[in-house]
Amino acid sequence: MDRERMIKEFCRLVSIDSPSFSEREMADYLIGVFAENQIMLEEDKAGSFFGGNCGNLYGYWKGTLEGDPILFSMHMDTVEPAKGKKAVVHEDGKITSDGTTVLGADDLAAIAEVIEAVRSITEQKSAHRDVEFLISIAEEQHLRGSQVFDFSRLKAKESYVLDKTGQIGSAAVAAPSLATFEAAVRGKAAHAGFAPEEGVNAVLIASKAVTRIPLGHVGTEMTVNIGSIQSDFATNIVPSACTVKGEVRSFSHEAVLRQLKDIHNIFEEEAAILGGFVKYQEEILFQAYVTPADAEVVRRYEDVCKSLGIEPVLERTFGGSDQNHLSANGVRGMVLASAMQQAHSGSEYTTVSDMEKVTKIVMGLMESEI
């Protein structure tokens with residue numbers, strides 16, 4: 001691999017603004033880069049579902065080794081503040097932003113690593129297996145891009161998603177279901193000074209409900225959170241409306257469904273007691289998956305890591321990734337540490353040595369005959 005070329009490519013990617021739903025420039029650039037390596041990326045219509053300006057990118061790289069194709073997945077969007085990013089390469093090999101934006105190593109380090117792997121294999125004329133690529137939009141918005149991808153296009157049944165923080169060699173083989181809920185509580189307005197008894201206080205209903213909902217860790221497999229309680233009335237008005245928003249995560253999808261039902265019932269019960277009512281809605285954003293430790297996709301990864309002197313570490317994560325949607329559509333896989341640290345902050349960074357390690361892992365997976 002060409003270390004300096006990899007760094008230059010990463011810095012170029014960082015300089016392209018690509019916030020969620022505004023990835024057009026990034027997509028156009030990637031289409032050109034992959035075409036230079038005889039890989040044609042096709043764009044779908046994912047952006048049109050959400051008012052974005054481009055879609056997911058999909059490509060197929062024909063190999064010479066026997067065996068089923070494997071998929072590599074990354075995402076092209078970055079969290080805010082994402083405009084005007086600049087990569088600063090320090091003498092010790094650490095790469096940061098200038099502090100005014102995120103760096104975007106989440107997930108641009110992964111894209112740079114995959115590009116370098118493709119270039120190096122092509123230059124060396126190394127034998128490699130058939131490889132598919134999925135580069136999604138709006139991953140940072142609860143996986144919206146891959147949510148609407150046509151998975152019937154994929155030939156691969158095994159995937160490696162490069163989108164994880166942590167030490168190189170660590171990989172997630174399990175992730176939770178995530179659901180959001182919104183309870184719009186409705187009461188009756190009244191003057192808070194002259195006739196408060198004539199009102200039905202929606203904030204009171206909501207507060208009573210919230211105190212009954214278990215928050216934080218619920219056992220070892222679930223978390224529940226209330227992120228927003230909103231009611232905007234003058235202090236002299238008994239509020240007739242209050243909206244509560246929250247989420248539920250669990251490694252058990254069935255447990256998420258049960259918890260959502262319990263939360264709904266709690267709001268209905270408290271509203272009925274005080275004479276109000278509730279408009280309740282929920283959304284399953286993605287479903288839990290578990291990839292067995294003895295699966296071929298895992299064993300291949302472990303073998304490649306060990307051949308490079310990297311210790312493979314299998315983990316569970318409480319965050320989602322495009323692997324959630326891949327698993328739900330029959331593609332078994334794992335999420336690999338991709339050389340990003342302190343993601344989603346102005347302190348985000350990567351290192352040249354970590355990016356080199358990940359590139360070599362990717363090359364090893366592409367060249368694997370297992």
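Leaving aside its neighbours within four places in sequence, G84 is in contact with D17 and T101, where contact means heavy atoms within 4.5 Å. The C-alpha atoms of G84 and D17 are separated by 6.6 Å, although the two residues lie 67 residues apart along the chain. G84 itself is found in the loop between strand 3 (70-75) and strand 4, and with a relative accessible area of 49% it is partly exposed, a class that lies between buried (under 20% relative accessible area) and exposed (over 50%), as computed with a 1.4 Å probe on protein chains only.

The model is predicted, so that local features need pLDDT of at least 70 and side-chain atom pairs count only at pLDDT 80 or more, whereas totals for chains, interfaces and linings use all residues. Residues are numbered from 1 along each chain as its sequence is written, and side-chain values use heavy atoms, with hydrogens and water left out.

The chain contains 10 helices and 19 strands, these being DSSP runs numbered from the N terminus, with helices (H or I) of at least four residues and strands (E) of at least two. Its C-alpha trace spans about 85 × 45 × 40 Å along the principal axes, and buried residues make up 54% of the 370 residues. Of the contacts with a separation of 6 or more, 78% are between residues 24 or more positions apart.

Strand 3, which precedes the loop of G84, pairs with strand 6 in the parallel sense over six bridges; two strands count as paired if DSSP finds at least two bridges between them. Within this pairing, H75 has S136 of strand 6 as its bridge partner. Strand 6 (residues 131-136) is also joined to strand 2 (residues 57-61), here by five bridges and in the antiparallel sense, with W61 standing opposite V131. In a regular strand the side chains alternate between the two faces of the sheet. In strand 6 both faces are covered, since V131, F133 and I135 on one side and E132, L134 and S136 on the other are all buried.

On the other side of the G84 loop comes strand 4, which belongs to an open sheet of three strands in the order 4-5-19 with antiparallel pairing. Strand 4 (88-89) and strand 19 (349-351) are the edge strands, each pairing on one side only. Strand 4 and strand 5 (residues 94-96) pair over two bridges, and V89 has I95 in strand 5 as its bridge partner. Helix 10 (residues 352-367) lies across strand 5 and strand 19, running at about 70 degrees to strand 19, where axes are lines fitted to C-alpha atoms, for helices over the stretch in contact, and angles run from 0 to 180 degrees between N-to-C directions.

Elsewhere in the chain, the buried residues of helix 6 (residues 202-212) are A202, I205, A206, A209 and V210. Seen down the helix axis, these buried residues fall within an arc of 130 degrees, so they line one face of helix 6, the arc being that of the directions from the helix axis to the C-beta atoms. Their cover includes strand 9 (177-186), strand 12 (222-230), strand 14 (241-250) and helix 7 (253-274). N201 caps the N-terminal end of helix 6, with a side-chain oxygen 2.9 Å from the backbone nitrogen of V203.

As for the cysteines, C242 counts as buried at 1% relative accessibility, and C305 is buried with a relative accessible area of 0%. The structure holds zero disulfides, a disulfide being a pair of cysteine sulfur atoms within 2.5 Å.

Terms used: A polar contact is a pair of N or O atoms within 3.5 Å; within protein, one must be able to donate a hydrogen and the other to accept it, and residues adjacent in sequence count only if both atoms are side-chain atoms.
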